[in-house]
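Notebook open, structure loaded. I want to go through the empty spaces in this one and then check a single residue.

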Amino acid sequence: MAANAPAIDPDAPAAPAAATAARDAPPFRPASWNTVGLLLIAPYVLLFLLFVLYPVGYGFWLARDPQSYVKLWEDPVFDNAVINSALFLLVFVNIKFLLALFLSGFFVHERWWIRILAVLFILPWAVPSIPTILSFRFMLNPEWGIINTLYFKLTFLDGPGWLTDRWLAFTMAGVVHIWKSLPFWTLILLTGRLAISKDLYEAASVDGASRWQQFRHITWPSLRTLYITCTLLSMIWTLGDFNSVYLLTGGGPSDLTHVLATLGIRYLRLDQVDMAMATIVVAMPLVLPLVFFMMKRLSRGPTDD
């Protein structure tokens, strides 16, 4: 005997749909919870308004006069500062990261003496900037610095004007910048190397791959996103960094080694606050594309490259 089919109510909601709706419904929270949440984030919003939004808005307000940009454009020091800033970003930052990429491959080896060297290598980054860069300034002094003194004792010739020649002084500022920040970025890339599975290298060695082939097909594809992102971030930081140039050369000789960051300080010392703020605003076309490309890369998934 056939079983009777159960009666189906066409107006009744489907059980799976009702279960899905119940699962997706937000959990019930009392109204007091929202008040507590607003109170918890209020200090952070206040700090953001006081220490981020207000200073930026006040800086733009100080640089609101178009005449400030006209005077800035007519200042011959401004042209040199733009050229020097571009050279810093395009040359010294990329040299720094190529060295960091190479040194991260050296420090990844697990040997006791390499670990000791790693500790010594971190010291330039860990030590404050003012005493270390000023010590370079004393050593590079053309008259009584230790470098030219040793050079004279060895060759009986006067040493080069490390801080009196424009391009030599600017190069020394770039060298000091690389020396100071290289350990930090080397550690970042070293962390990326340590995240790569050793099984990939072992399999490549079994297949007869050389060191260069392992780097090309394993290391670089794994580090590429990290390397490019860190390079963009370093460019942003370097554009606002004034320690290497200001503490070593002071913008000299004859204001020829200024970058945009130190040029703003020069105007502040001359009591030209509007010009200093205008210098920062002028740097925005260099900063914003770097921020845009960096955020675009960070928003990508791991398989989008």
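Started with the largest cavity, which holds about 80 Å³ of space. For my own record: on a 1 Å grid over the protein atoms alone, a cavity is a set of points where a 1.4 Å probe fits but cannot get out. Grid points are joined across faces, edges and corners, and a volume is the space filled by probe spheres set on the points. I counted what passes a 30 Å³ or more cut, and the structure holds 1 cavity.

Before going on, a note on the source: this is a predicted model, where local features need pLDDT of at least 70, side-chain atom pairs count only at pLDDT 80 or more, and totals for chains, interfaces and linings use all residues. Residues are numbered from 1 along each chain as its sequence is written, and side-chain values use heavy atoms, with hydrogens and water left out.

Next, the cavity wall. Lining residues have an atom within 4 Å of a point, and here they include Ser85, Phe88, Asp241, Phe242 and Val259. I find α4, α10 and α11 (243-248) each giving at least two of them; helices are DSSP runs (H or I, at least four residues), numbered from the N terminus. By class the cavity lining has 7 nonpolar, 4 polar and 1 charged residues. In this scheme Ala, Val, Leu, Ile, Met, Phe, Trp, Tyr, Cys and Pro count as nonpolar, Asp, Glu, Lys and Arg as charged, and the others, Gly among them, as polar.

On to pockets (open sets with protein on both sides within 12 Å along at least five of seven lines). I get about 750 Å³ for the largest pocket. Its lining has 19 residues, with Gly105, Val108, His109, Arg193 and Tyr201 nearest the centre. Which element gives the largest share of that lining? α10 does, with 5 residues. I sorted the largest pocket's lining into 9 nonpolar, 5 polar and 5 charged.

The second largest pocket comes to about 460 Å³. I count 21 lining residues there, and Ala276, Thr279, Ile280, Val281 and Ala283 are the closest to its centre. The lining of this second pocket is 17 nonpolar and 4 polar, with no charged residues.

Last lookup: leucine 123, in helix α5 (residues 112-126). Buried or exposed? Leucine 123 counts as partly exposed because its relative accessible area is 44%, where buried means under 20%, exposed over 50% and partly exposed in between (1.4 Å probe, protein chains only). I also checked proline 183: it is 60 residues from leucine 123 along the chain, with 8.1 Å between their C-alpha atoms.

Note on methods. Helix = DSSP H or I, 4+ residues; strand = E, 2+ residues; numbered from the N terminus.
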